[in-house]
Amino acid sequence: MLYMVFLAVCIVVCIWWGGPGIRRRSRLDWTQVPGVTRRRGGVVVPIGGLSWAPIPSELADTRRFELVGSSTRSFGGSPVVVLARGQRIGVLEGAAARKINAELRRRRLARLLVEGELTGRHEGRVVLPYDFSPATPELPAGPARAFPVPVPVEAWGSATTTVDAVRCDFFLTELSALYPDGRPPSGTSGRTLSGLDAEIFPTGQGRIGVFIDDRQIGWLAAAHEISHRQVLEDLAAGGHSLRVKVSVRVGTGDRPSVRERIWLPEVDQILPPGAQIEDPHVLLPPGSTVQVTGEEEHLDELVTSTR
């Protein structure tokens, strides 16, 4: 009889202990984590270790941070390193670090891109997601673009494909600043900005960023990163980025939807088929028949070019 009672108690304890984890396998339980403040969309965790050195002024406006997990397990728990634009600025420790490391290991991720802010020279915080759902931006951020700033160049051919940028919701502040008043209009009209000049450039770690006026506004989707990486890296090696046209729309609501479209040339339309022409010139659009007049005034040049 006592054995049966003991067995029943064990079953109840196992259900109580493992039930939430089974029912919500992708959900982190933050109820027992000290120093956590809850808010809509996530929990706010202070960044530790910021007292080691003052935050450089060029990082003061950082709003996105990389959390780098530890691949090793330790008795006290390994800290999670916090990077701002590729620079280590602090750590997350304790229960929060243990939970993040466990979740990253379970999902075979090394890094997590999160929102946050630096509230002082020695103070900062990050917002951690309640859960690691497919919608959570889990892709590594890559360091900020290296300077000096590359010189943008036009593609040799035409942009025939329109593609969507990804992870644009992490750049809501930069996208909102593109509007005439520095923020989207209150109504639904006028929220689409078309024909904006942008540039795409490799930012490191295999990622291709989308920039306007040297501010990043999104990432190129993975499929186009793969197809265009080599030619964009070749341009970057020569100190150039690729100029493209984009359209942006920021929706309404507390968590506004964001859509960013890029007019992207095909890979073989970016670089000319021959050597770069240094003299002033104009490229005629491919695939069209163009009537040329006044050729009788340039007979010497035409005769020379046909010899």
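## Strands, cores and salt bridges in a predicted model

Strand β2 and strand β7 (residues 123–128) pair in the antiparallel sense through four bridges; two strands count as paired if DSSP finds at least two bridges between them. This is a predicted model, in which local features need pLDDT of at least 70, side-chain atom pairs count only at pLDDT 80 or more, and totals for chains, interfaces and linings use all residues. Residues are numbered from 1 along each chain as its sequence is written, and side-chain values use heavy atoms, with hydrogens and water left out.

Within this pairing, Val 43 stands opposite Leu 128 in β7. Strand β2 covers residues 42–46, and four of its five residues are buried. Buried means under 20% relative accessible area, exposed means over 50%, and partly exposed lies in between (1.4 Å probe, protein chains only).

### The protein as a whole

The protein contains five helices and 14 strands. Helices (H or I, at least four residues) and strands (E, at least two) are DSSP runs, numbered from the N terminus. Of the 307 residues in the protein, 35% are buried. The accessible surface comes to about 18,800 Å², and 56% of this surface belongs to carbon and sulfur atoms; such areas come from the Shrake-Rupley method with a 1.4 Å probe, and for residues only the protein chains shown count as cover. Contact means heavy atoms within 4.5 Å. Among contacts between residues at least 6 apart in sequence, 70% join residues at least 24 apart.

### The nonpolar cores

A nonpolar core is a set of buried Ala, Val, Leu, Ile, Met, Phe, Trp, Tyr and Cys residues joined through side-chain atoms within 4.5 Å. The largest such core has 26 residues, and those with the most contacts inside it are Phe 65, Leu 67, Ile 89, Leu 92, Ile 100, Val 126 and Leu 128. Two or more residues come from each of β2, β3 (64–68), β4 (80–84), β5 (87–92), α2 (94–106), β6 (111–120) and β7. Helix α2 gives the most to this core, with five residues.

Leu 67 illustrates these contacts. Leaving aside residues up to four places away in sequence, Leu 67 touches ten residues' worth of surroundings that include Val 80, Val 81, Val 82, Leu 92, Ile 100, Leu 112, Val 114 and Leu 128. A second, separate core of 25 residues includes Leu 175, Ile 217, Ile 262 and Leu 264.

### Salt bridges

Side chains of opposite charge can pair when their charged atoms come close. A salt bridge is a side-chain nitrogen of Lys or Arg within 4 Å of a carboxyl oxygen of Asp or Glu. A search of the whole structure finds seven salt bridges, including the three in the table.

| Salt bridge | N to O distance | Relative accessible area |
|---|---|---|
| Arg 106 and Glu 103 | 3.1 Å | Arg 106: 40%; Glu 103: 6% |
| Glu 117 and Arg 125 | 2.3 Å | Glu 117: 24%; Arg 125: 36% |
| Asp 197 and Lys 245 | 2.7 Å | Asp 197: 46%; Lys 245: 38% |

Arg 106 and Glu 103 are three residues apart in helix α2, so about one helical turn separates them. Arg 106 is partly exposed, whereas Glu 103 is buried. In the second pair, Glu 117 is partly exposed, and Arg 125 is partly exposed as well.

The pair of Asp 197 and Lys 245 links distant parts of the chain: Asp 197 lies in strand β10 (residues 192–204) and Lys 245 in strand β13 (residues 240–250), 48 residues apart. Elsewhere, salt bridges that share partners join Asp 164, Arg 259 and Arg 261 into one network.

### Two residues of helix α3

Helix α3 (residues 172–176) contains Glu 174, which is buried at 16% relative accessible area. Glu 174 and Ile 217 are 43 residues apart in sequence, while their C-alpha atoms are 6.3 Å apart in space. Not counting residues up to four places away in sequence, Glu 174 touches Arg 64, Arg 215, Gln 216 and Ile 217. Ile 217 is also one of the residues of the second core.

Ser 176 is found in helix α3 too and is buried, with 13% relative accessibility. The side chain of Ser 176 reaches the backbone oxygen of Leu 172 at 2.9 Å. Beyond its neighbours within four places in sequence, Ser 176 is in contact with Gly 182, Arg 183 and Pro 184.

Methods
A polar contact is a pair of N or O atoms within 3.5 Å; within protein, one must be able to donate a hydrogen and the other to accept it, and residues adjacent in sequence count only if both atoms are side-chain atoms.
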